[in-house]
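Colleague: I'd like a close look at one part of this model, starting from the cysteines and working outwards. Take your time and tell me what sits around them.

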Amino acid sequence: MRLSAVLRAARSIKTCTGTSWRASLPVMAELLESTTHLDPQAHVDTTKLAKTVPKGTKPVVLVACGSFSPITFMHLRLLEDCKNSVNSQAGLHVIGGYISPVHNLYGKKSLAPAHDRINMARLAVAESHWLNVDTWECAQNRWNRSAVVLQRFADDLAEFPVTIADTGDKADSVKVMLVCGADLLESFDTVLEDGTDLWSAEDRNTIASNGIACLLREGTDLDAVVERQPILRKQRDNIQFVEAAAKNTISSTVVRRLLATNQSITYLVPLAVEKYIYQHKLQHLPNWQ
C-alpha cells in the first residue's frame, strides 16, 4: 500500500559502515511499499511539464526507460545533456522529462523490486523542476516493450495544452523522444539465432517516428548505424545525437559492486537514494551481490 506520509530524507540513519550523517536539505517524495495498488490505467503526471514554449519551437518530452537499479547521477546527467542538446536545435524545446522504471518481469537479474526502484527514482528527482517518474510500466501485469511505453506517452500527451510564450497561440502537439545510448540504436537491426529480429519493424518505426535522443559513444559511428538501417535512415530528422558535457562512466553495476564489497557509493548516487538503499537494506539483496 502507499504510505500516507512522505519520507523526509534528511532524517539521520546508519550506513552499513556504522556512520551516521544528515542531509543539509530535506528531499520530499511520496513513496510506495509495493506496486500492488498502482493504477494500470493512470494517465501521465503532467504537474512538472512547462505549459509554454518559445515562438517557433515544438514542445518535446524526453522519456528514459530502463532498470534504474539503482538510479545514479549518470542517468540524471544524461537527461540533462539530452535536454541541452534538444533545446540547442532550432524548432524544439523540452517541456519535461520522465524516468520510467521497467517491470519486474523484464527478467534482468539485477533488478531490485519495482517499488524500491520507483522510490529511489522519485527521491532522485524530487527537487528537479522538470523531471518526473512514471509508474505505468510497473503497474502493468506484464513487461511491455519500449515502443509500447513510448507510444502510450505520445497518446496520453497528444492533447496536453501548450501555448506560444509571446503570442498565447496554441503550440504544436507534444513530441515524445526516447532517451537512449548508442548500444540501443546499434541493436535495432540485430537478428537472433532463430532468424527473427530482436526489434520488430513496427517497434523500430514507432520509436523512430516519435523521436530518439541518443548519447554519442566513443568508437561508435552513429551516422553509419543510422545509414545502414532503412527505418532509421528514413527518420533521420527525428534522431538527435547527444554529446555528453563531461565523460561519465558511473553505472548501476559499479554502485552494486561497491555495495556488495561494503564500499562507499557517496557521490555516485543522490544522497537521498544512498540513504534509502541503506535504510531498506538493499545492499543485501541476493541479486546485488
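Modeller: Let's start with Cys65, which counts as partly exposed at 23% relative accessibility (under 20% relative accessible area is buried, over 50% is exposed and partly exposed is in between, with a 1.4 Å probe and protein chains only). Before going further, this is a predicted model, so local features need pLDDT of at least 70 and side-chain atom pairs count only at pLDDT 80 or more, while totals for chains, interfaces and linings use all residues. Residues are numbered from 1 along each chain as its sequence is written, and side-chain values use heavy atoms, with hydrogens and water left out.

Does Cys65 have a partner, you may wonder; which cysteine sulfur is closest to the sulfur of Cys65? That would be the one in Cys180, but at 10 Å it is too far for a bond. Cys82 has Cys180 as its closest neighbour by sulfur too, at 8.1 Å, and that is again too far for a bond. Unlike a partly exposed residue, Cys82 is buried, with a relative accessible area of 0%. Overall, the structure holds 0 disulfides (a pair of cysteine sulfur atoms within 2.5 Å would count as one).

Cys180 also leads us to the largest pocket, since Cys180 is among the residues nearest its centre, along with Met74, Leu78, Gly181 and Asp183. The lining has 48 residues, and the elements giving two or more of them are β6 (58–66), α1 (73–87), β10 (175–181), α5 (182–187) and α9 (252–260) (helices are DSSP runs of H or I with at least four residues, strands are runs of E with at least two, numbered from the N terminus). α1 gives the most to this lining, with 6 residues. About 1500 Å³ of space lies in this pocket. Pockets come from a 1 Å grid over the protein atoms alone, as open sets of points where a 1.4 Å probe fits, with protein on both sides within 12 Å along at least five of seven lines, and lining residues have an atom within 4 Å of a point. As for chemistry, the lining of the largest pocket divides into 21 nonpolar, 15 polar and 12 charged residues (Ala, Val, Leu, Ile, Met, Phe, Trp, Tyr, Cys and Pro are nonpolar, Asp, Glu, Lys and Arg charged, and the others, Gly among them, polar).

The second largest pocket has a volume of about 400 Å³, a volume being the space filled by probe spheres set on grid points that are joined across faces, edges and corners. Its lining takes in 22 residues, and Asp45, Arg122, Asn132, Val133 and Thr135 lie nearest the centre. β4 (28–29), α2 (114–125) and β8 (131–133) each give two or more residues to that lining, with β8 giving the most, at 3 residues. By class, there are 10 nonpolar, 4 polar and 8 charged residues.

Back to β6 and β10, which turn up again around helix α4 (residues 146–156): together with β7 (92–101), α3 (136–139) and α6 (201–210), they are included in what covers its buried residues (contact means heavy atoms within 4.5 Å). Those buried residues are Ala147, Val149, Leu150, Arg152, Phe153 and Ala154.

What does Arg152 pair with in a salt bridge? Its partner is Asp134, with the closest N and O atoms 2.7 Å apart (the criterion is a side-chain nitrogen of Lys or Arg within 4 Å of a carboxyl oxygen of Asp or Glu). The pair joins distant parts of the chain, from Arg152 in α4 to Asp134 in the loop between β8 and α3, 18 residues apart. Arg152 counts as buried at 12% relative accessibility, and Asp134 is buried too, at 5%.

That is one of 7 salt bridges in the structure. In another, Arg228 meets Asp189, again with the closest N and O atoms 2.7 Å apart. Arg228 sits in the loop between α7 (222–227) and α8 (230–234) and Asp189 in the loop between α5 and α6, so this pair ties together parts 39 residues apart in sequence. Here Arg228 is partly exposed at 45%, and Asp189 is partly exposed at 29%. Finally, Arg204 bridges to Asp197, with the closest N and O atoms 3.6 Å apart; Arg204 counts as buried at 13%, whereas Asp197 is partly exposed at 41%.
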